[in-house]
Amino acid sequence: MTDPANGFPVDRRSLLAGAAGVAGSLVAGLALPATAAATPGRGPGGPGGGPGGPGGPGGRYPANWPDPEPYGLADTRQDLWPRDDNSFVLPLELRPRDEELGRVWIRDTYVNCFVVDGKPVYVATGTTRVPGLPAAGPWNDGIFLWLAPSLRGPWRLADTTGIRPDAEKGKVWSPEFVGENRPGRTVVAPWQEYWDDHGQFGKRGNAWAPEVHYFRGTWYIVACMGDHSTKVGSFLLISEGGPEGPYRLAEGNVDKPFGDSFIGGPSFIAPGAYHHIDGSIYTEDDDAWLVLHNHLYAPFRDDMEDIVPTTDLPLFQQTPYAPEPYLEGAYVFKHGGKYFLLHAAWDRTSTNPDGTTRNAYDTPGAGRVQYQYDAVVAVADRFEGPYSERWTAGVGAGHNNFFLDHHGRPWATFFRNPAAGFWADPSRVGEAASAGVVRLEWTGPEGNRLYAARRPGHRPRD
């Protein structure tokens, strides 16, 4: 989420960072996906050279694309792909575990920017894995943070050596830190500790999709304990220092994640253990809201130690697909006076009666194959909605966030989901799970859409 005020071109729901310097070599650009190779590259940003801004004769904005019909079909046009001309992979400083791969393996990439003492500071984080495991479960070792003075870097791991001299640099929270608990100060709750099921998975406990926020002078991390934890759901960490911490757990999460439990998640999750996941924070002026899973939100208490108690969490007013598929990664961003609600949705392919391929945000079923993990977006005049019909903002860019760089230009993150579909193919999986950013273009106060930056020659105009 982003600070909706957008007073300075950098949002406040952004991340802070402390110092930096860096390792990691510059990564030029993303290679054009094999299936897109026959299509000419699409160019950067909005007309006139700046993503999201007016340009061309009379300063007009690019027009919205016609949407695929009926509502719920996925837009697969190559303009909406992160490509080598509109995106790149962040040159994050490598940890010892990253040396063999040569880059950081990361999912749920989160990047943001804010201004500290008049200077832009960028922060990156996401879901990472431990050495020896192919994914971020059934356990991982917590949350890492990278800081940089510009989007291109240099990107350095947050300097946590003054807090934990013997721990891995850049790790700001982990179930490993349970020994730091003190009366009145919980760092790791009992439900967040590692455990062993002595059977199906062995060691279990993993943290997902962290985001870092700076609000009213305090640094926060909102994240989620994943499917292999004793309780699954979103929690808040509060820094007692800078972006590197040290962090403690919010009082409202000592016993459980935010919200109430419900029936959900994989079959191996114990009844009552599953809460709403993918927590995010949205701030506006002096108020803050928690955004959960694909449709819920709740105001925080003034002290940020918990959400305001309520019988039922309020729901965003959305325009669902029919049928509505499983959505993840809810995130709110304000731009041009409008609220943008992001979700991640699987584009599933199937066969039309005439033998052509159908791409749609379908529910799972026979003949429906996961293809791309897309970013779908809707827009509204108010935070709670009602939100418009959704559109495809980025192909393969699901579970992301939108943010502004220090020039006020909009960007989105992506990570290339290796779990299934296009990026799981053996010929491409080596490039999957990457910390990527793609430029966005805004279609102006009339169109009110954000897309992955399209090539000017392929961008319709009013």
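At 52% relative accessibility, Asp285 counts as exposed, because exposed means over 50% relative accessible area. This residue belongs to a predicted model. The protein chain in it holds 462 residues, and 57% of them are buried. The points below begin with Asp285, then turn to the chain as a whole, its other backbone features, its pockets and its cavities.

**Asp285**
- Asp285 sits in the loop between strand E14 (280-284) and strand E15 (287-292).
- Its phi is near 55 degrees, which is a positive value in a residue other than glycine.

**The chain as a whole**
- The protein chain has 25 strands and 1 helix.
- Take the contacts in the chain with a separation of 6 or more: 63% of them involve residues 24 or more positions apart.
- The accessible surface of the chain comes to about 17,400 Å². Carbon and sulfur atoms account for 52% of that surface.
- One long-range pair is Asp84 and Val438, which are 354 residues apart along the chain. Their C-alpha atoms are separated by 9.4 Å.
- Asp84 is placed in the segment before strand E1 (87-89).
- Asp84 has a relative accessible area of 43%. It therefore counts as partly exposed, as this class lies between 20% and 50%.

**Another positive phi**
- Arg216 is not a glycine, yet its phi is positive, at about 50 degrees.
- The loop that holds Arg216 runs between strand E10 (207-215) and strand E11 (218-225).
- Arg216 is partly exposed, with a relative accessible area of 39%.

**Cis peptide bonds**
- Gly137 and Pro138 are joined by a cis peptide bond, with omega about 5 degrees.
- Pro138 is found in the loop between strand E3 (119-127) and strand E4 (143-144).
- Another cis peptide bond runs from Ala322 to Pro323, with omega near 0 degrees.
- Pro323 lies in the loop between strand E16 (296-299) and E17. Strand E17 spans residues 328-335.

**The largest pocket**
- The largest pocket encloses about 680 Å³ of space.
- Its lining is made of 35 residues. Nearest its centre are Arg107, Trp208, Glu328, Asn417 and Ala419.
- Strand E2 (107-116) and strand E20 (369-380) are the elements that give two or more residues to this lining.
- By class, the lining of the largest pocket has 19 nonpolar, 9 polar and 7 charged residues.
- Which domains supply at least three residues each to the lining of the largest pocket? They are domain 1 (62-91 + 316-454) and domain 2 (105-315).

**The second largest pocket**
- The second largest pocket has about 340 Å³ of volume.
- It is lined by 17 residues. Gly259, Asp260, Ile307, Thr310 and Leu313 are the closest to its centre.
- This lining divides into 7 nonpolar, 5 polar and 5 charged residues.

**The largest cavity**
- The model has 6 cavities of 30 Å³ or more.
- The largest cavity holds about 140 Å³ of space.
- 19 residues line the largest cavity. Asp67, Pro68, Leu73, Arg390 and Trp391 lie nearest its centre.
- Its lining consists of 10 nonpolar, 2 polar and 7 charged residues.

**The second largest cavity**
- The second largest cavity holds about 110 Å³.
- Its lining has 14 residues, and those closest to its centre are Asp108, Ala209, Glu211, His399 and Asn400.
- Strands E2, E10 and E17 each supply at least two residues of this lining.
- The lining of the second largest cavity breaks down into 5 nonpolar, 6 polar and 3 charged residues.
- Domain 1 (62-91 + 316-454) and domain 2 (105-315) each contribute at least three residues to the lining of the second largest cavity.

Technical notes:
Residues are numbered from 1 along each chain as its sequence is written. This is a predicted model: local features need pLDDT of at least 70, side-chain atom pairs count only at pLDDT 80 or more; totals for chains, interfaces and linings use all residues. Side-chain values use heavy atoms; hydrogens and water are left out. On a 1 Å grid over the protein atoms alone, a cavity is a set of points where a 1.4 Å probe fits but cannot get out, and a pocket is an open set with protein on both sides within 12 Å along at least five of seven lines; lining residues have an atom within 4 Å of a point. Grid points are joined across faces, edges and corners, and a volume is the space filled by probe spheres set on the points. Helices (H or I, at least four residues) and strands (E, at least two) are DSSP runs, numbered from the N terminus. Ala, Val, Leu, Ile, Met, Phe, Trp, Tyr, Cys and Pro count as nonpolar, Asp, Glu, Lys and Arg as charged, and the others, Gly among them, as polar. Domain bounds come from an automatic or database domain assignment. Buried means under 20% relative accessible area, exposed over 50%, partly exposed in between (1.4 Å probe, protein chains only). Contact means heavy atoms within 4.5 Å. Accessible areas come from the Shrake-Rupley method with a 1.4 Å probe; for residues, only the protein chains shown count as cover.
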